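This briefing concerns the two-part arrangement of a protein chain, its ligand surroundings and its backbone geometry. Please examine the sequence and the model shown here before reading on.

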Amino acid sequence: MILKQSYSTAWKSPSNIALVKYWGKFGRQFPSNPSISFTLSEAYSTLVMKISPADSLSCQLEFHGKRESAFEERILGFLDSIKDVYPWLERASVDMSSTNSFPHSAGIASSASAMSALALCLVDIDQQIQHQTWKDSDNFRQRSSEIARLASGSAARSVYPFLARWGISTISKKGSNDYADYAGEGIHSIFSNYKNSILILSSATKSVSSSAGHRLMKGNRFADERFKQANENLDQLLLAMCQGDMSSFIRIVEEEALTLHALMMTSNPSYILMEPQTIEAIRAIRAFREEKEIPVCFTLDAGPNIHMLYPASYSDQVDIWRDAVLRPLCEGGRIIEDHVGQGPQRITL
Ligand code: DP6
């Protein structure tokens with residue numbers, strides 16, 4: 001199929017923080033275990049895309065107004081890999097301009113927000129090309145989630161508001177490996193507007209990328225046990241979240257974060273992404289929780305930075321303590337204050 005004219009669109013899409021972690025994949029970006037995440041709000045990417053007829057596939061990307069050849073290469077590789085899905089990409093020039101709300105150097109993952117924004121733009125443009133209007137927005141989200149998955153697994157979850165799950169559960173048999181679903185139905189109100197303070201403990205580039213980390217799961221002797229644990233944790237976490245059972249929620253979320261890092265340490269070759277400040281912050285959060293009986297907990301991405309999670313109703317007390325005790329541990333005192341969000345939005349051009 002050949003493009004006859006240009007098409008354009010723009011989307012804003014948020015990052016997400018996994019509560020049960022996706023770690024290990026197979027085939028065409030299918031997850032080895034199901035995962036679930038809060039969709040964030042303040043940490044997001046925007047992407048403006050214009051597609052024009054051309055002799056072959058090419059792409060140009062400006063990030064905050066500057067040409068970014070490393071990103072450009074990754075995106076070109078991805079676009080090339082989905083020509084079977086969107087044959088019009090075969091002869092298209094793809095012009096993009098993108099921004100992140102959070103500093104690129106902060107060491108927090110941007111692939112979920114950036115790749116979900118990319119997927120939303122592609123699905124939107126494909127609709128325009130096909131003169132299609134989905135009957136409901138669920139269909140559009142599902143398709144966007146599927147395309148986002150092909151670009152970066154965790155991005156599949158970012159297209160939904162509040163809470164999203166991705167991957168088939170071996171226990172409930174619910175979910176799909178192809179795309180994520182909204183998982184916020186029936187969740188206790190204590191989780192609405194849940195807070196996430198992202199403590200930037202180190203902004204150094206990761207020594208091992210997530211993609212390499214996923215690959216190392218193939219030879220990890222704990223892999224099968226881990227996949228079993230994730231299935232059980234997903235089931236129990238959802239139950240805890242429906243019942244507002246904070247102690248189970250906290251136990252599972254922290255177990256997931258520490259298991260993720262334990263898997264890195266037990267990979268071959270082994271590696272450690274936590275820093276001394278990470279452990280110090282974990283200890284401080286646990287001591288504060290015990291002493292004050294406030295349901296605050298932590299999780300970690302594939303990096304040293306801490307995501308501190310707590311109900312909005314406790315934010316006055318938590319934020320005062322955080323600024324006094326945790327901010328001094330952060331690089332340049334940097335903390336990103338975020339909370340669960342409403343999912344992506346189309347930007348009017
Ligand atoms: C630790 O989605 O970045 O954040 O599919 O290779 O792009 P690719 O990996 P990516 O992995 C994210 C891993 C994680 C856990 C999670 O978000 O579930």
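The points below treat the domains, their interface, the ligand site and the backbone in turn.

The structure is a predicted model, in which local features need pLDDT of at least 70 and side-chain atom pairs count only at pLDDT 80 or more, while totals for chains, interfaces and linings use all residues. Residues are numbered from 1 along each chain as its sequence is written, and side-chain values use heavy atoms, with hydrogens and water left out.

**Domains and their interface**

- The domain assignment, which is automatic or taken from a database, gives domain 1 (7-186) and domain 2 (193-339).
- The centres of domain 1 and domain 2, taken over C-alpha atoms, are 24 Å apart.
- Contact (heavy atoms within 4.5 Å) involves 38 residues of domain 1 and 43 residues of domain 2.
- Between domain 1 and domain 2, about 3,300 Å² is buried, with carbon and sulfur atoms giving 66%; buried area is the accessible area (1.4 Å probe) that two parts lose on being put together, summed over both.
- Leu19, Lys21 and Trp23 lose the most area to domain 2 within domain 1, together 25% of what that side buries.

**Polar character and composition of the interface**

- Zero salt bridges are found across the interface of domain 1 and domain 2, a salt bridge being a side-chain nitrogen of Lys or Arg within 4 Å of a carboxyl oxygen of Asp or Glu.
- Twelve residue pairs, both residues at pLDDT 80 or more, are in polar contact between domain 1 and domain 2; a polar contact is a pair of N or O atoms within 3.5 Å, and within protein one must be able to donate a hydrogen and the other to accept it, with residues adjacent in sequence counting only if both atoms are side-chain atoms.
- Strand 4 (35-53) is one of the strands that each supply at least two residues of the side of domain 1 touching domain 2, and strand 4 gives the most, with eight residues; strands (E, at least two residues) and helices (H or I, at least four) are DSSP runs, numbered from the N terminus.

**Ligand site**

- The ligand is surrounded by 17 residues (a heavy atom within 4 Å), and the closest are Tyr22, Lys25, Ser152, Gly153 and Ser154.
- A polar side-chain atom of Tyr22 lies 2.6 Å from a ligand oxygen atom, and a polar side-chain atom of Arg157 lies 2.8 Å from a ligand oxygen atom.
- Gly153 places a backbone N or O atom 2.7 Å from an oxygen atom of the ligand.

**Backbone geometry**

- Most residues other than glycine have a negative phi, and most peptide bonds are trans.
- Lys173, in the loop between strand 8 and strand 9, has a positive phi of about 65°.
- Asn268 and Pro269 are joined by a cis peptide bond with omega of about 5°, and Pro269 is in the loop between helix 6 and helix 7.
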